[in-house]
Amino acid sequence: NVKLDNKLKNRQFKKESTDKKHRKEQKKLRAAIKDAVLKTPLPLERYKKRPGVCKDEEEEEFVESLPMDMMEEDDLEQIKAMAQKASFLTRDLSSSGPVHAKKRKGEQQGPESYEKMPRKMQLTEEKEVIHLLPIKDKIRGLIPQSMEKPEDEAVPGPALTPQEQLKLRTQKLTNRKLRIASLGSDILSDPTTNIKKLKELRAMLMETDPYVAVTVRKLVMVSLMEVFKDIVPSYRIRPLTETEKASKVKKETQQLREFEEGLVSQYKFYLENLEQTVKDWKQKKRKRSEAVSLQSYRGLAEVAIRCICELLVALPHFNFHNNIIVTVVPLMNDPVKRVSDMCCEAVKKLLKQDKQGHASLGTVKVISGLVKSRNYDVRPELLKVLLCLRIKEVEVKKDTDDTAPKKKFMNYKDKKKNLSRMQRKWKKAEEKLEKELLEAEASESKDKKLKLHTETLNIVFLIYFRILKKAQKSILLPSVLEGLAKFAHLINLEFFDDLLNVLQHLIQSGVSDVLNIDPLNFYSHLYKTLLKLNAGASNDDISIVLRCLDVMLTKRRKQVTLQRALAFVKRLSTLSLHTLPNATVGILASNRTLMHTFPKCDILLDNEAQGSGVFLPELDEPEYCNPQNTALWELHTLKRHYHPVVRRFATHLCAGAPSEGSGALIVQLARSVIDQSRECVSTAPEANGGELYTTPANAWHCAW
């Protein structure tokens, strides 16, 4: 009985399922017929009478081809009626004429059919469609179905007040910040697994909401920069070969490969986005989307440049570093001072921390090409960064890795004498492993470092010599001379003759110490130039003159004759009469140093002649102007100077510049400059350049 009941229930359930399925199919069929009536159907094939077939037989064949078991009587009658009027389905419904109208013989022929066709005045845009599931028919087979994609028409809402706009922007910006923080946290927590989220974070660089587009893009740039600095490995990732790609590896190795490949790809796209942002700002391009205005691109570009500079310094070992150098170096010559200073500081940091020399060599090459392509019309800061090269420091002070004693391995005799057979076997394997580890270290050999440094210096000297030869009147000349003074000990001796010939008319003596020669032309040129300094604009050059005097006279006192020292002391005293008080203090301090360096200069404090001849102040040769036959009468004039510090210094020199208590004297003079600077302005307000008297720091610097 139980089996019979179950069998009966199953039969009833099967029947209900069949009926339900039948009703659904009938419903779909009626809907399809209704759509065919309302819409313009696709052209059906023409029904032509076959020869020898009557109308009743044709109707019977048509009915037999229909799915009779799926149709009701009403639907069947409707389909039969439509089949008898096939022209209703196949004719052009746009025409208003009768369907089977025939032309009369006597009727005049009107215009051609193509003349009646409507003209296409304007092409309509193709609308996007959505493809639906096809319908299967026994006659036509599969019928594709599609519908137009509904357009989301923006419904204009009520205008927002400024307070509502600010609230809306704050809300949107908060949501974006939370999203950026969430993605960044996920990536940093597990970079290998969540490397795909880098793409999602990078996609936010294309933020299109005009309310928060600029701020969000800046935040994403900085966030990606910090993320890359944290997750980038300490080695360069190379592309896999075809053999490596085809070989089977462990699951962990495959996961590491996918991570490295995704990291390099996203890092490349990120750098391209930053570079494109800078290019858009330079070329003043307007994007298709108006999310970011043209005026806002400067702020975006500055953030992008800052990120590029950070990556330049932080990741010199990683991929695309040369591309970053090529991007940053031209920006060092940018007319916007903030941008150029930012890039110059980044390159200086890179050169200072570069121990191997690869980054320095790449940077110097790009700088050389830029200077030559611009025809030496670049900013001096571009050449000043070369002073930060670590070549001199590496040559003088070796790195710790090079000075560390290398581990010695046991030879075969020692092993056989002190170790057993098994111990020798283990010792051999251990030494082999240690050698492999030493080879895997990233430390470069000393010879390779020297090779890189030599190539770098050759390019640096090539830049300097080109400027000295072709652009002697360029503003780059001071930077070139400073660089030559810094790297003079590394210049090849073969170039000294040509270099000294070029420097005949320039004030530079750093190279003379190497060859131990007397650069008479340099002394004569400086001696002649001293009288051109005055209380005007050239007063700022006093510090340079004092440094030159220190190098040429004090530090080379053994190569300087007494006649030359006397001539310079006399000319400096003359110069002190027509300079500002701060410059006068520095000149008197230099005279005091020369009188201590050359003790016989005290003869200038006596009014008696010390030899034959007459002093020739207009002669520009310090050796032949007879300075021993004159006296420092300028000091008596300076003792009546309106500035109290100048008066005290002149009195000190007239007393012979005693060395006892000289340190206390200098400190007192400096304090007097600081305390009495306002008094100087009040006592001589009508003097030219009186406002410069309020710079005691400059006076103290000159005196020091």
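This report walks through a predicted model of a protein, from its overall make-up to a few local sites.

**The overall picture**

The protein has 704 residues, and 34% of them count as buried. Its secondary structure comes to 32 helices and two strands. About 46900 Å² of the protein is exposed, with carbon and sulfur atoms supplying 53% of that area. If you look at contacts with a sequence separation of 6 or more, 66% of them join residues 24 or more positions apart.

**Two helices side by side**

A good place to start is helix α11, which spans residues 297-314 and packs with helix α8, residues 213-231. The axes of α8 and α11 are 10 Å apart, at an angle of about 5°. How do α8 and α11 run relative to each other? With an angle under 35 degrees counting as roughly parallel, α8 and α11 are therefore roughly parallel to each other. On the α8 side, the contact is made by V214, R217, K218, M221, V222, M225 and K229. On the α11 side, the residues in contact are Y297, G299, L300, V303, A304, C307, E310, L311 and A314. The general geometry of a helix is handy here: an α-helix has 3.6 residues a turn, so residues three or four places apart point the same way.

**Salt bridges**

A search of the whole structure finds 17 salt bridges. Three of them are set out here, each with its N to O distance.

| Salt bridge | N to O distance |
|---|---|
| K282 and D334 | 2.0 Å |
| R298 and E302 | 3.3 Å |
| R338 and E302 | 3.4 Å |

The salt bridge between K282 and D334 has its two ends in separate elements: K282 lies in helix α10 (residues 251-283), while D334 lies in the loop between α12 (321-331) and α13 (337-353). The pair therefore ties together parts that are 52 residues apart in sequence. The surroundings of these two residues can be compared as well. K282 is partly exposed, at 37% relative accessible area, whereas D334 is buried, at 4%.

Now back to helix α11, where E302 appears in two of the table rows, with R298 as one partner and R338 as another. E302 and R298 both sit in α11, four residues apart, which is about one turn of the helix. R338, on the other hand, belongs to helix α13, so its salt bridge with E302 in α11 ties together parts that are 36 residues apart in sequence. Is E302 buried or exposed? At 10% relative accessibility, E302 counts as buried, because the cut-off for buried is under 20%. Its partner R298 is partly exposed, with a relative accessible area of 41%, and R338 is exposed, at 51%. Elsewhere, K172, R176, E207 and D209 are joined into one network by salt bridges that share partners.

**A nonpolar patch on the surface**

Three residues, I130, L132 and M147, form a nonpolar patch on the surface. Together they have about 250 Å² of accessible area. L132 belongs to strand β1, which covers residues 129-137. L132 is partly exposed, with 42% relative accessible area.

**Towards the C-terminal part of the numbering**

Helix α27 (residues 581-597) holds N591. With a relative accessibility of 1%, N591 counts as buried. What does N591 touch, leaving aside residues up to four places away in sequence? Its contacts are V569, L572, S573 and L653.

L653 leads on to helix α29, residues 644-654, where L653 is one of the buried residues. The others are P644, V645, V646, F649, A650 and H652. Just after α29 comes G656, which takes a positive phi of about 95°.

A final site is E618, in the loop between α27 and α28 (634-638). E618 is exposed, with a relative accessible area of 59%. Its C-alpha is 9.2 Å from that of K528, and the two residues are 90 residues apart in sequence.

Note on methods: Residues numbered from 1 in each chain as written. Predicted model: local features only at pLDDT ≥ 70, side-chain atom pairs only at ≥ 80, totals over all residues. Heavy atoms only, no water. Patch = residues over 30% accessible without salt bridge, like charges linked within 9 Å, V, L, I, M, F, W, Y side chains within 5 Å. Areas by Shrake-Rupley, 256 points an atom, 1.4 Å probe, with all protein chains shown as cover. Salt bridge = Lys/Arg side-chain N within 4 Å of Asp/Glu carboxyl O. Buried < 20%, exposed > 50% of the residue type's maximum accessible area, 1.4 Å probe, protein only. Axes fitted to C-alpha atoms, helices over the stretch in contact; angles between N-to-C directions. Parallel < 35°, antiparallel > 145°, perpendicular 65-115°, else oblique. Contact = heavy atoms within 4.5 Å.
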